[in-house]
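User: I'm new to reading protein structures, and I'd like a close look at one part of this one. Could you pick out a helix and walk me through it, starting with the cysteines?

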Amino acid sequence: MIIAIIVKFSQGDIMVNLFSVFGAGPGVVGTFKIVQCIRYRKPLKKAMDLLDVMMSEVDELVMEPIVRKGMERCWIAFVLCLFFGSCISIHWLSRPLLILLFYGERTRIIDTWPVFNDNWFQWSLTFVFQASNVCFCGHTFYIFDNVYFCISESLLCQLKVLKYRLTHLKLDGSVGSNAALEICIKQHTQVLKVCDLLKFSSEGVIMFQCINTVIMLCTGIFILTLCSELATYAYMMDWTEGTSDQKKKLLNMMTMPMQPVIFGGIVEMNLNTFINVLKTAFSYYNFLVAANAGGDHGK
């Protein structure tokens, strides 16, 4: 797919191949996620082992419902991620089949290079090859996201357990209070270690996904900008010689692109919105960097 986009770009035909650009973005992100899962499998395994140890050390009966609810949320997240990953795969797989069924045209799932659509054998071979890759990429979305969510949810459970232990801790100089304090300190150290492992394993994916999102937004806003220019081209034509009815129709066509594009029925999508999103994201990134630097200084 990437090669097809490069070929189209070299031919000056990238505008008619924007569908492949949108399709390549999630595929590249999915591939990068699975690569990061394999690359950081040891830190992730270590983080999950630490969480298992901390879960086994929770012996307060009061905290058992909280821990159980956290595990239930992890299973719900797994089922939802599996469902959406399957929906992504089914969506891409069904498109060429539906076009073939209703229109009798042989199309590919995604535009790739080289093109093999000359006969039924080539089309079938291309479909099987692309279908396996689409299923692979579709399910890689939820693998990394599910691991990230489950580890984060387990961390929240441990923080609730630690909060309960600290609020019920009574320091009176006894051996029992010293032991309870050491347990809290040990748990806090383990939570911080899991946070560091999760941050180390996910920062590359988060940054890469943000870059991909920015590229997709840039492409979409570029298309919206081209649509808004249609009114200018319509005005520059020789409309003065037309009839009154033709002028009204042309006026309606010119005013239609001027309608604001509302994203989600809430936010107006234009170039200013995109710039504000970038400014907010950059400010939040600086805040995180400053908070991280402050935490390292405190250590």
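Analyst: Counting disulfides in this predicted model gives zero. A disulfide is a covalent bond between the sulfur atoms of two cysteines. A good place to see how a pair misses out is C74: the closest cysteine sulfur to its own belongs to C150, at 4.1 Å, which is too far for a bond, because a disulfide needs the two sulfur atoms within 2.5 Å. C74 is also buried, because its relative accessibility is 8%, and buried means under 20%. Another cysteine, C184, is buried as well, with a relative accessible area of 4%.

C74 brings us to the helix for our close look, since C74 is among the buried residues of α4. Helix α4 covers residues 64–103, which makes 40 residues. At 1.5 Å a residue, a helix of that many residues should span 58 Å, and the end C-alpha atoms of α4 are indeed 58 Å apart, so the two values agree.

Now follow α4 along its path. At S94 the helix bends by about 30 degrees, and within four residues comes a proline, P96. P96 is itself one of the buried residues of α4, and others include V67, G70, A77, C81, W92 and L100. After the helix comes G104, whose phi is positive, near 70 degrees.

Part of α4 also appears in a database record. The unreviewed UniProt entry lists residues 74–93 as a "transmembrane region", along with residues 14–35 and 206–227. In the model, residues 74–93 are 100% helix and 0% strand, with end C-alpha atoms 28 Å apart.

For a second helix, try α5, which runs over residues 120–167 and holds Q158. Q158 counts as buried because its relative accessible area is 1%. Beyond its neighbours within four places in sequence, Q158 is in contact with L51, M54, M55, V58, Q187 and V191.

Finally, step back to the whole chain. The chain has nine helices and two strands, and along the sequence they follow the pattern α-α-α-α-α-α-α-α-β-β-α. Of its 299 residues, 29% are buried. Take the contacts between residues at least 6 apart in sequence: 70% of them join residues at least 24 apart. The chain exposes about 19900 Å², and carbon and sulfur atoms supply 70% of that area.

Note on methods:
Residues numbered from 1 in each chain as written. Predicted model: local features only at pLDDT ≥ 70, side-chain atom pairs only at ≥ 80, totals over all residues. Heavy atoms only, no water. Expected span 1.5 Å × (residues − 1). Bend = angle between axes of the 7 residues up to and from the residue. Buried < 20%, exposed > 50% of the residue type's maximum accessible area, 1.4 Å probe, protein only. Contact = heavy atoms within 4.5 Å. UniProt positions renumbered as here; feature names shortened; annotations may be inferred. Areas by Shrake-Rupley, 256 points an atom, 1.4 Å probe, with all protein chains shown as cover.
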